[in-house]
Structure formats: structure tokens, C-alpha cells
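Please walk me through this structure. I am new to it and would like a short tour.

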Amino acid sequence: MNIRLMDFQEEYVVELTEKLKKAKRYVAEGETEAVLLSAPTGSGKTVMMTALIESVFMGVEGFASEPDAVFLWLSDQPELNEQSRKRIFKASGTLRAHQLKVIGPDFDEEVFEGGHVYFLNYQKLGKDKNLTTKGDNRTWTIWNTIENSSKRLNDRFYIVIDEAHRGMNKTSAQETEAITIVQKFLLGSKEISPISLIIGISATPDRFVKLVGTSERHLYKVNVDVEKVRQSGLLKERLVVRIPDDKQPNDWSLLKAAVYRWKVMRDEWHRYCVHQKLDIVSPIMVIQVEDGTTGKITKTDLELAVSIIEEEVGSLKDEDLAHSFQEDKELLTNSHRIRHLEASKIDADDNIKFIFFKMALTTGWDCPRAEVMMSFRRAQDATLIAQLIGRMVRTPLARKVEGNESLNDVHLYLPYYDKVNLNAVIEKLKGDSENVPATEIKLASDLIELRLNEFSYSEINRNGESLLETDYRDSLFEYQDFDSNDSSQELGYPISQVKKLGLQERGSMSPSIKDIETEDQNSECHLENPLTKEFEQQELNSATEFIAFKKDDLLLTDQENSLYKVGESNEVQPPIIREKPNSKGISILTMDIFSSLSCLPTYTFRQGRKIPDIRRLLRFSYLLTVLHDIDKEALADSRSIIINTLIQKRNQLLQANPEFRQAIEELSVITVKPLIIDQSTFEVRESVQETIEVTEKNVDDLFRLAKQRLGNELCLEYLRKNYDESAPYRAKLELFLLLQREEIWSELQSTARSQIKTLRDRNHSSIANLPSSKRQVYDEIWASARIPEAGMLVLTDSVSLPKSENGRIYKKHLFSDTNGDFRTELGNWEEEVLSRELEGCLAWLRNVPRKSWALCYVYEYGGEWKPGYPDFIIIRRGTDGMVIDLLEPHTGSLADAAAKAKGLASFARDHGLAFGRIEMQRVEDRRILRLDFNNPEIRIRALRLNNNQELDNLFEDYACL
């Protein structure tokens with residue numbers, strides 16, 4: 001494959017291959033069978049099918065290669081044919097363009113050519129079409145070709161029915177007149193016999209399942225879990241819907257608001273992509289207009305719409321605008337030419353910013369860049385709106401965006417809907433899995449957007465004096481560059497960060513208080529209330545001390561290079577920026593709190609199939625050496641360690657195992673017991689013993705199986721180191737035999753895990769300094785481990801949470817509204833715990849479960865790993881800087897209490913140095929009982945917990961008040 005499959009996709013391709021293999025056994029005995037891939041919209045059905053096609057042509061473990069196999073891909077429209085062909089060609093690493101053929105009207109062959117995928121839409125199979133009738137120099141009809149190929153290839157001829165729900169209904173008219181084209185393949189007709197093996201792929205398979213049930217076929221189902229698709233990051237996390245608050249005309253006002261939202265998304269994407277050094281994502285706004293009338297293309301005033309857009313974003317170029325109406329012509333307004341653009345070409349057009357639609361186009365169009373939609377359609381058009389939105393919720397980067405929650409949303413504006421008829425759209429969006437991916441839907445009025453709270457060191461001054469009110473930036477991800485050619489410039493760096501990064505101090509200094517002057521309101525930086533000397537000495541040195549470095553003295557990331565404004569003298573100056581109107585900026589203390597929380601250890605938790613440690617090691621090493629140029633020796637070292645382990649085990653077997661030595665030396669017949677590895681649990685068991693005659697072809701087949709287990713590069717490396725011209729097959733055969741032995745496979749996995757740990761320890765700081773988008777790839781490797789491994793926390797500078805109308809208002813929360821307030825509902829225990837912490841803390845965070853920015857630990861319960869989220873993260877001042885505490889009020893009456901305590905203790909054992917307290921708490925008569933798992937004595941006891949009673953005993957023996 002040219003692209004790496006998502007973990008869940010790999011899991012289902014394996015299952016799909018197994019189901020296909022079972023079906024083929026019965027086809028070989030004369031049965032007709034069907035396999036169904038039922039996958040939600042947006043899950044990558046075509047990509048998974050591409051992997052299956054490659055597996056059939058090339059072979060995989062347990063599935064012999066079929067280089068002469070033929071796939072006939074049937075779809076409903078010509079546009080779908082071309083779309084599928086392009087996607088398969090782009091995704092496949094082995095299929096060439098000449099192997100992917102669209103059947104045209106001149107096609108005339110007795111049989112299909114082996115090793116090819118053919119594309120055909122149903123319309124070409126009508127009675128009056130060229131393909132279905134002889135004459136005009138046609139020797140074979142398409143039905144002849146299909147019948148001949150089916151008879152000749154039998155179980156190696158695969159019919160793929162793309163979107164299998166189309167044409168499935170067996171009505172009375174169809175019973176009496178003719179079977180639909182798709183039904184001919186399933187049930188047979190006068191033109192063709194029933195095709196032996198059919199693969200259906202669909203988001204809504206009910207009708208396909210029903211029709212297969214009327215035949216004698218057995219149906220093998222592969223059902224892709226919607227939740228795994230959500231977790232993969234392929235889809236936007238949330239659809240945010242906005243409607244008017246009253247019944248007054250609001251269409252143009254809402255259009256203006258939608259354009260503003262598009263502008264915000266544009267700026268956020270630009271900021272994110274520049275910071276992450278990615279190609280800029282240019283979002284698109286979709287404007288769905290009303291149908292036309294006689295002599296008028298649409299009842300919606302396009303002139304006014306364009307005018308309102310320009311009011312918000314400034315002058316537009318003609319290339320910024322386009323329409324996808326059925327009318328294939330340019331539209332003229334007083335100021336612009338609105339070009340026609342086919343829906344299938346929208347995403348590839350880098351210039352388009354605003355696209356006008358009428359009816360929904362459910363085929364031929366996927367546009368991950370479409371971030372905002374405004375619809376002028378009326379309340380009765382719920383289906384049309386749902387279908388169009390369904391094409392917009394795929395993510396532009398095919399992954400979740402870390403560090404900016406807003407970029408994981410898509411926005412819908414409906415001026416002609418109220419809360420009553422909005423439910424029709426929401427129900428359609430939730431229930432139409434044929435067109436709409438599984439995305440959470442929220443009404444904007446039910447959400448509140450919160451940004452980083454504005455903290456200042458003055459808040460902790462015991463005299464209540466203002467320490468330094470220096471505005472920093474309106475975004476944590478907007479950095480100011482310095483002159484990279486001026487080596488005289490020095491970098492100002494917070495001492496807490498210097499200690500965290502392990503940098504060497506070259507001399508420390510504080511901002512010179514005598515030089516601080518109050519500037520007028522129009523200046524770039526407004527400083528007020530200079531410090532008293534007393535407070536400067538007592539607080540400033542520990543709170544805002546800077547250490548000066550020549551920038552040549554250390555290697556910093558782009559983010560670190562630009563965190564603080566560099567002065568022109570040897571003295572570091574306060575950060576100076578140009579603020580946006582009404583922007584508060586981000587203070588130094590807020591930045592310190594944010595940076596202290598960022599990169600804390602956390603677990604990225606994903607369900608589903610895990611990856612063997614050898615593959616994880618190779619992915620990890622490839623990232624370090626090739627993609628990110630962090631560790632030039634990582635990939636070579638990892639390969640050598642695995643190969644040397646194999647050679648060492650081979651030598652031991654040659655000395656100690658006569659059967660192994662004889663099999664290698666005689667090269668005539670080998671006896672093996674194939675290993676069966678459960679893809680979910682990785683449990684290994686031996687299968688039935690087999691005897692294999694050694695021939696050149698067999699050895700190559702066995703070597704191919706070894707590649708599938710160990711990977712192509714490692715197998716070739718083993719062959720390079722052990723090839724013997726006098727016995728050319730020996731190295732291939734011995735590698736296959738080595739990989740069939742359970743103890744050797746287990747040893748290799750253990751070696752890989754050890755090497756992963758070595759590389760993590762060796763490169764920890766370098767990985768931590770990567771942009772978050774690159775760090776995210778490493779987190780995926782940790783999350784795919786059979787035993788979960790920790791990554792690093794990535795915070796966001798804003799969050800959107802459900803409103804809590806009845807909640808209590810709290811101060812000092814990391815995220816707040818414009819008044820610095822955070823409203824939430826807490827349980828009695830939680831409220832008691834938090835009230836004790838608020839007075840002495842700098843800030844706190846409600847650690848909302850399953851949010852991308854939430855800190856997560858893991859615990860084992862019921863034989864499965866599960867995620868845990870401490871209720872509170874407390875940030876306070878310690879003697880050496882910021883201290884982070886994790887607090888988990890948790891009752892012992894819950895079944896998982898002991899398991900969670902054990903998980904927190906494990907987290908403290910592995911990561912406790914990054915935190916102050918890691919506590920599980922109980923409240924009794926307003927007394928708070930605490931178990932701090934950073935206490936070694938408590939932690940040792942907690943790691944041995946087996947049940948809740950033992951946890952109760954631990955509280956009795958060790959709990960502190």
C-alpha cells in the first residue's frame with residue numbers, strides 16, 4: 001500500500017480476508033457465496049478493499065497468491081467508477097495504471113485479463129446498450145465476457161458491488177418483468193449464471209442482506225465498528241449547528257456570521273499549519289441556495305450574498321468563487337464572474353474559497369476542506385441538507401488535529417429552522433448512515449466556548465500589588481521570529497523551562513524594574529504599576545526570572561526560539577506584540593502554566609487491534625532516522641538487533657536441535673506446525689502439523705510468508721547477511737522455520753520492546769521538542785502497544801464544552817469565559833475536594849474524560865485495559881517552580897475502585913517524578929481522606945490490590961487527612 005492503513009482498517013482487512021477465504025472453500029465445492037463489508041461512510045471502504053485486492057493478487061499469510069484473479073467493480077454511476085479507480089490507484093503500492101481499466105462501449109473480449117480490476121457502471125448494462133448486444137463488429141457481449149470469465153476462473157473471479165444498497169429492492173414489477181442488473185449477478189438470469197463469489201460494500205447493507213437471503217448463498221459479514229472510525233480521526237469530531245434565536249428574518253445575518261466563522265477557521269488553520277510546518281489547509285465555505293424559478297437560476301440573491309461575504313473578508317477575486325449548479329455555465333453578478341466547477345474537482349482546486357450549491361451531490365464529491373456550511377433551504381429540505389453535510393465531515397489531514405479543538409469541528413448555519421424542525425435535520429444526520437458519517441451533533445446554543453484564563457503573578461502577591469501586567473499574545477501558537485543572522489541577540493527563557501529542558505545557565509538576570517515605564521494606550525505594550533523593590537526581591541526572582549543565552553549556545557525548536565521577545569541589548573525585554581482589537585493577550589504566568597502542563601505524560605487510549613512490537617519498533621525507528629532526522633543510527637541499530645537475535649537463535653538450534661539441523665541440511669522435506677496468532681490478544685498457538693516438500697517455488701512461497709510476519713526489509717537483510725551461493729535456498733528456508741517457532745517469535749517481540757524503550761530514553765527530549773503534529777505520530781505508536789505506553793499531553797488554547805446552566809461558578813480554572821469564570825456542576829465529594837485546593841493553587845483544570853486534551857492513565861479491569869481520567873489537575877507554586885497534582889475523588893462502592901487505584905499507583909510508579917501529589921480521595925463527614933501514590937509505601941501496597949476490600953483497608957491504614 002502507498003498509504004499506511006489505520007489500525008482499525010488493518011484489523012478489518014484481516015477479518016475480510018479470512019471471511020473471503022472461508023467463502024472460497026465452499027465456492028470450490030460448487031456453492032455460491034457472498035461477503036459483505038458493512039462500513040460507515042468515511043471509514044475508508046475503498047482503501048480497505050484496495051488492501052484486500054492486493055492481498056488476493058500478491059498473497060498473504062494463509063491466503064495463496066492469485067496473480068490471474070479478476071475483479072469486476074460495479075457501481076451506480078460513471079463518476080463513481082472513475083472516483084474508485086483513482087482512489088485505488090493512489091492507495092495501492094502494487095497495482096499499476098494498466099491494471100485498472102474502465103470498461104468503455106468498445107470493449108469486446110472473450111474473457112477478462114487476469115491480474116486486472118475492471119470498472120463498470122450499471123447503466124452500460126441496459127438492454128439497448130452497445131455492450132449488451134452483438135453487431136457492429138462486436139464478437140462478445142459483456143454478458144458473454146462475464147459468463148466466460150466466471151466459468152474459467154470460478155473462485156478467482158470476484159464481483160464487487162460498490163454501495164451494495166443500490167438496485168436491491170425486489171418489487172412485484174421486477175418479479176414479473178425483469179430482474180434488476182445487480183440481481184442478475186446474485187441470482188442469475190438468461191444472460192448469465194449466478195456469479196459464484198460476490199463482495200458487497202455498503203454503509204447501509206440491509207437491502208443487500210435481504211436480497212442475498214432470498215438466494216441459497218451464505219453471507220459472510222464484516223461489520224466495521226462506528227466507534228473505531230470515530231477514534232481514528234478520519235472524521236470531524238463534532239458538527240455544530242446554529243439556528244436563529246427568534247422568528248425574525250435572519251438569513252443574511254446568519255450568512256455574515258457563517259462567513260466570520262469561516263474566517264476564524266481560515267486563520268486557525270493557517271496558524272496551525274505554519275507552526276507545524278505543514279502545507280496550508282485552505283478551508284471552503286459551502287453555501288446551499290434555493291432552487292430557481294422560470295428564467296432565474298436561484299431564488300437566493302447571489303449578488304447580495306457575495307456582497308455580504310466581501311463585507312466580512314474584504315475584496316474577492318473571481319477565482320475565490322464557484323458554483324456547482326446543474327447549469328454548466330458562468331454566472332455574472334455586478335462585480336464578479338462565478339465560474340462553474342464540477343463537484344468532484346472542488347477539493348483539488350486550491351483557489352476556491354466559497355462554493356454555491358443547490359441540490360445535494362451525494363456522489364463524486366468528498367471535500368474535507370469544507371468547514372462551514374450555510375443553507376438557505378427551508379425546513380422541508382432536511383434530507384438534502386443531511387446529504388450535503390455528509391460529504392463535509394472528513395478531516396483535511398485524515399487525522400484528529402491536536403492542540404486546537406476548534407479545527408475538529410464542522411459548522412452548519414440554518415436560518416430557516418427553529419428548534420422544532422431542526423430535530424428533523426438532526427435525526428436525518430444521525431440516522432442516515434448511507435450518506436452521513438458518524439459524527440457527534442451539537443446545537444451551538446448548548447455549547448460555550450472557553451479560552452485560556454488570564455493569570456498574572458500579581459494574583460499571588462501577598463500585598464495585592466500588581467507584579468507585571470504584560471500582554472503576551474492572543475494565541476499560544478502565534479510566535480514572533482528574531483533575526484537569525486544576528487548572533488548578538490540573546491534568548492529570554494523562563495527558568496522553569498530551563499530546568500525542565502536541562503539547559504546550562506550562562507548568567508541570570510531579571511527585567512530591570514527601573515527601566516519599566518508606563519506607555520500610552522496606543523503603544524504596542526502597556527505596562528502598569530511598577531514593582532516595589534521589596535516585592536521584586538521576594539517574588540520576581542523566583543516567579544519571572546529569565547536566564548540569558550546566546551542563541552548559538554543551544555538548539556531550540558522554532559516554538560522555543562520565539563516564545564519570548566529578544567531585546568537589542570544584553571538585557572531581555574518584555575514581549576511586545578500588536579494586539580487585535582479587544583484581545584487580552586496571554587500573560588507570562590499563563591504561558592508558564594500552559595508550558596508546565598504541556599508534555600506531561602498521558603496515555604492515548606484506542607480500542608481494537610494492536611500491532612506486534614517488531615512492527616512498532618520499525619515504525620518508530622523509521623520516524624527517528626528517516627522522517628524526522630532525530631537519531632541517524634536508530635533504524636540500522638534496530639534492524640541489527642532483530643537480525644542478530646535471529647542468527648543467535650539459529651546457531652543455538654543448529655547445535656541443540658537435530659530435527660532443525662536436518663531440515664536445513666537435507667532441503668528435501670520439512671515438517672512444520674504453523675503458528676496461529678490472535679490479532680487482538682497476540683496469543684500464539686500451534687496448528688496442525690504439516691509436511692511440505694521443498695522446491696524452489698515452495699521456498700519462495702515460504703519466504704513470502706516470512707516477509708508477511710517479519711516485514712520485507714528485515715527478511716531481505718537476513719538474506720543479505722546469510723546468503724550462501726552453494727545453497728541458495730537455505731537462508732530463506734531457515735528464516736521461515738525460525739519464525740514458526742513460538743519461543744523465537746516471543747524472544748523477538750521482547751527484544752523489540754527493549755529496543756523501543758532504549759530508543760525512547762535516548763531520544764526523549766528530541767521527540768518532546770518536535771511540533772505537536774509530529775509528536776502525534778509517536779503517540780499512535782505508543783497507543784498501539786499490547787500493554788499501553790505513555791505519550792505526551794497536548795493542550796489546546798480554547799475548548800468548547802456543554803453549557804452548565806445550573807452549575808456553580810469557579811475562579812482560577814485554566815479555561816474561562818470573558819469574565820474569568822468557569823461554570824460547572826460537581827458532585828458533593830468533588831466540590832469538597834476542590835474548595836480545599838482553590839485558595840492555595842495558581843490554577844486548576846477539570847479533566848473532562850475522553851477529550852483530546854485530557855490527561856489519561858490506564859488500568860486493567862475485567863481482562864481489558866481501560867482509560868482513567870483524574871477529576872482535577874491542580875497547578876500550584878513549589879519551591880522550585882510549578883507543581884502539578886492529580887486528584888481523583890472516587891468512592892469505594894464502584895466495582896472498578898481497586899482497579900483504578902492500582903492503575904493510578906502504576907502511573908505514579910512510572911511517571912511520579914513529573915507530579916507533586918497523585919491522590920485517590922474519599923470524603924467522610926467533610927473530612928478528606930487521601931492516598932498519595934507518590935508515597936512509595938502506599939504505592940507498593942496499592943500495586944498489590946486485588947479487590948475493593950483491600951482498598952478499604954489501605955485507606956484505613958494509610959489515609960492522610
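In which helix is L627 found? The model is a predicted one, and it places L627 in helix 17, which covers residues 613–627. L627 also belongs to a nonpolar patch on the surface. Its partners there are Y622 and V626. Together the three have about 280 Å² of accessible area.

Now turn to the sheet. It is open and has nine strands, with mixed pairing. The strand order is 11-12-10-13-9-14-15-8-16. Strand 11 (331–332) and strand 16 (440–443) are the edge strands, and each pairs on one side only. Look next at strand 9 (residues 284–288) and strand 14 (residues 370–375). These two pair in the parallel sense, over five bridges. I287 has M374 of strand 14 as its bridge partner.

Two helices to follow here pack on this sheet. Helix 9 (residues 251–276) touches strand 8 (238–242), strand 9, strand 13 (354–357), strand 14 and strand 15 (409–413). The direction of helix 9 makes about 175 degrees with that of strand 14. Helix 10 (residues 302–313) touches strand 9, strand 10 (321–323), strand 11, strand 12 (337–340) and strand 13. Its direction makes about 155 degrees with that of strand 13.

The last stop is F703, in helix 20 (residues 696–710). Is F703 buried or exposed? F703 counts as buried because its relative accessibility is 5%, and buried means under 20%. Leaving out residues up to four places away in sequence, F703 touches C715, L716, L719, K732 and L735. A731 lies 28 residues from F703 along the chain, and their C-alpha atoms are separated by 9.2 Å.

Note on methods. Residues are numbered from 1 along each chain as its sequence is written. This is a predicted model: local features need pLDDT of at least 70, side-chain atom pairs count only at pLDDT 80 or more; totals for chains, interfaces and linings use all residues. Side-chain values use heavy atoms; hydrogens and water are left out. Patches are made of residues with over 30% relative accessible area and no salt bridge: like charges are joined within 9 Å, nonpolar side chains (Val, Leu, Ile, Met, Phe, Trp, Tyr) within 5 Å. Accessible areas come from the Shrake-Rupley method with a 1.4 Å probe; for residues, only the protein chains shown count as cover. A salt bridge is a side-chain nitrogen of Lys or Arg within 4 Å of a carboxyl oxygen of Asp or Glu. Helices (H or I, at least four residues) and strands (E, at least two) are DSSP runs, numbered from the N terminus. Two strands pair if DSSP finds at least two bridges between them. Contact means heavy atoms within 4.5 Å. Axes are lines fitted to C-alpha atoms, for helices over the stretch in contact, and angles run from 0 to 180 degrees between N-to-C directions. Buried means under 20% relative accessible area, exposed over 50%, partly exposed in between (1.4 Å probe, protein chains only).
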